[in-house]
Amino acid sequence: MSKTPNIKDIIRQEYIKCVQDPAHFMKKYCNIQHPQRGRVLFNLYPFQDKVLHLLRDNPYSIILKSRQLGISTLAAGYSLWLMLFQKDKNVLCIATKQETARNMVTKVKFMYDNLPSWLKIPADEHNRLSLRLSNGSQIKATSASSDAGRSEAVSLLIVDEAAFIDQIGEIWASAQQTLATGGGAIVLSTPYGTGNWFHKTWVSAENAENDFIPIKLPWYVHPERDENWRKRQDELLGDPRLAAQECDCDFSTSGDVVFYNEWVDFIKETTIQDPLERRGTDQNLWIWEPADYTREYMVVADVARGDGKDSSACHIIDIQSNTQVAEYKGQLPPKEFGYFLTGLATEYNNAMLVIENASIGWATIDAVIERGYRNLYHSPKSEQLTSESYLKVFEGNSEMTPGFTMSLRTRPLVVSKFREFVGDRSVTIRSKRLLEEMKVFVWKNGRPEAQQGYNDDLVMSFGIGMFLRDTSLKFQQQSHDMTRAALGNFSKGNSSQGVYRGNNVPNPYSIKTENGEEDISWLL
């Protein structure tokens, strides 16, 4: 006659199974709130089961994921397992907003509240932002800030939607001091552009250059999804790029990038070249084409302080072909940069020299004026770029100011024109330095700028060149045309004066004065 199992023995065996296997614990005892089915047991999908064991066996995990795979819920279940079966475990959840971080704690509390009594440990603290058990283990939620986790003795750091946290690099640096004593981290996110901390950490993990194990979870790992589901996401999200970000784990289509990845790839594959010549003591003047005195050029410059925090930059652009023929990026004091630009513009056929005149740029402009360079670009003070306003440059009108004025009005126009030329493939970019800046140039709160930790000196100076090529240079030609028309009309009015240019051919650009005939064709 078989002996009836003792209930205490059954509980003891189940408890041991839960201690040894977090998947067993979750599948059998953790309830979750399903968006359609309500409260249900967390019956893990095979991919969730595999990820869970990777989390257990690897202290540092970075998860690149599709939307709505239940990975945040999985991290919550793993956190509860850690808290119940180990003493003094401190779990800290960080997200872009406190509300998002609190969702993780809410999931942990829901699972905890629905556990059988023999698995529960009494809670000493149970509120909206934290759960602390009597064994000393706890989980807390906080929003992202540079000092998040600095004073915490963190056992497990969970960073939710890490790609969307601006200061995540600083948070990670401060948290590392406590994690280094034996803690771990779960960093999870959908992709959001390249060049940010999440992207760089993911790439390093793939290359085995850091302690993170990379876990990639595109949409098709979910057994209830098929091609029809994926196609439906394009329709629901309204943008194939956004769907690729949210579903395909595609960094190249994610984020608010100004220059799309396919544009960057095209430039990289077709026009990027090593310079034919590198000049200067720092070798930072790159030359792709020497000066051709049958061509017209413009030199466009952005001035830096020269103290190492950013760089002065300039491009030489062949106006007719819209081709980058030279580029400089380096540390030159503003005054010396002005002398450098004057020599460069003179070498390239007395190119039109364009210098941004914001703050420190005036020192550079003064140096150019001091050298007597005559083809210096002027901006209308009214910011109204018309052929009439541009003509005032030649008239020495006081309404013009030296240099290019970057303002709230002109900045978006500069970036928009640069995007247009790149998208239409009507500009030839040679520099890999410029291309690298383009990769991390993003929309941030509606403003185009470099991602945190990067510079946009080359991007903005090149953008000014594209803007002027499509505006002021056209207006300059219109001004010349207006002058020719005016002179033509004037000469017609004086044709009865009998002014001729050899072989009895009337000279349309000659007028009668008190001192005799005067040829005014030089005005053209």
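**Exercise 1. Phe340 and its ring partner**

Determine whether Phe340 is buried, partly exposed or exposed in this predicted model, and describe the aromatic pair that Phe340 forms with Tyr328.

Solution.
Step 1. The relative accessible area of Phe340 is 23%. Buried would require a value under 20%, and exposed one over 50%, so Phe340 is partly exposed.
Step 2. Tyr328 has 2% relative accessibility and therefore counts as buried.
Step 3. A pair of aromatic rings is described by the distance of the centres and the angle of the planes. For Tyr328 and Phe340 these are 4.8 Å and 50°. Planes under 30 degrees apart would be stacked and over 60 edge-to-face; the pair is tilted.
Step 4. Tyr328 belongs to strand β15 (residues 323-330) and Phe340 to helix α11 (residues 334-347), so the pair ties together parts twelve residues apart in sequence.

**Exercise 2. The pair Trp172 and Phe212**

Classify the geometry of the Trp172 and Phe212 rings, and state where in the chain each residue lies.

Solution.
Step 1. The search of the whole structure gives 23 aromatic pairs.
Step 2. In the pair of Trp172 and Phe212, the ring centres are 5.3 Å apart and the planes make an angle of 40°, so this pair is tilted.
Step 3. Trp172 is in helix α6, and Phe212 is in the loop between α7 and β10; the two are 40 residues apart, and the pair links distant parts of the chain.
Step 4. Trp172 and Phe212 are both buried.
Step 5. Ring pairs also join Trp172 and Phe212 with Tyr60 and Trp197 in a cluster.

**Exercise 3. The surroundings of helix α7**

List the buried residues of helix α7 and the elements they pack against.

Solution.
Step 1. Helix α7 spans residues 197-206, and its buried residues are Trp197, Phe198, His199, Thr201, Trp202 and Ala205.
Step 2. These buried residues pack against two groups of elements: the strands β3 (60-65), β9 (184-189) and β10 (213-217), and the helix α6 (168-179).
Step 3. After α7 comes Ala208, with a positive phi near 55°.

**Exercise 4. The crossing of α1 and α2**

Classify the arrangement of helices α1 and α2 from their axes, and give the make-up of their contact.

Solution.
Step 1. Two packed helices are described by the angle between their axes and the distance between the axes.
Step 2. The axes of α1 (residues 7-20) and α2 (residues 22-29) come within 5 Å and cross at roughly 120°. This makes α1 oblique to α2.
Step 3. On the α1 side the contact holds Glu14, Lys17, Cys18 and Gln20; on the α2 side it holds Pro22, His24, Phe25, Lys28 and Tyr29.
Step 4. Sorted by type, the residues of this contact are four nonpolar, two polar and three charged.

**Exercise 5. Cysteines without a partner**

Explain why Cys18 has no disulfide bond, and give the corresponding distance for Cys249.

Solution.
Step 1. No disulfides are found in a search of the whole structure.
Step 2. The cysteine sulfur closest to that of Cys18 is in Cys30, at 8.3 Å, which is too far for a bond; the cut-off is 2.5 Å.
Step 3. Cys249 is likewise in no disulfide, the nearest cysteine sulfur being that of Cys247, 8.8 Å away.
Step 4. Cys18 is buried at 0% relative accessible area, and Cys249 is buried at 4%.

Terms used. Residues are numbered from 1 along each chain as its sequence is written. This is a predicted model: local features need pLDDT of at least 70, side-chain atom pairs count only at pLDDT 80 or more; totals for chains, interfaces and linings use all residues. Side-chain values use heavy atoms; hydrogens and water are left out. Buried means under 20% relative accessible area, exposed over 50%, partly exposed in between (1.4 Å probe, protein chains only). Helices (H or I, at least four residues) and strands (E, at least two) are DSSP runs, numbered from the N terminus. Contact means heavy atoms within 4.5 Å. Axes are lines fitted to C-alpha atoms, for helices over the stretch in contact, and angles run from 0 to 180 degrees between N-to-C directions. Angles under 35 degrees count as roughly parallel, over 145 as roughly antiparallel, 65 to 115 as roughly perpendicular and the rest as oblique. Ala, Val, Leu, Ile, Met, Phe, Trp, Tyr, Cys and Pro count as nonpolar, Asp, Glu, Lys and Arg as charged, and the others, Gly among them, as polar. Rings of Phe, Tyr and Trp (its six-membered ring) pair if their centres lie within 6.5 Å; planes under 30 degrees apart count as stacked, over 60 as edge-to-face and the rest as tilted.
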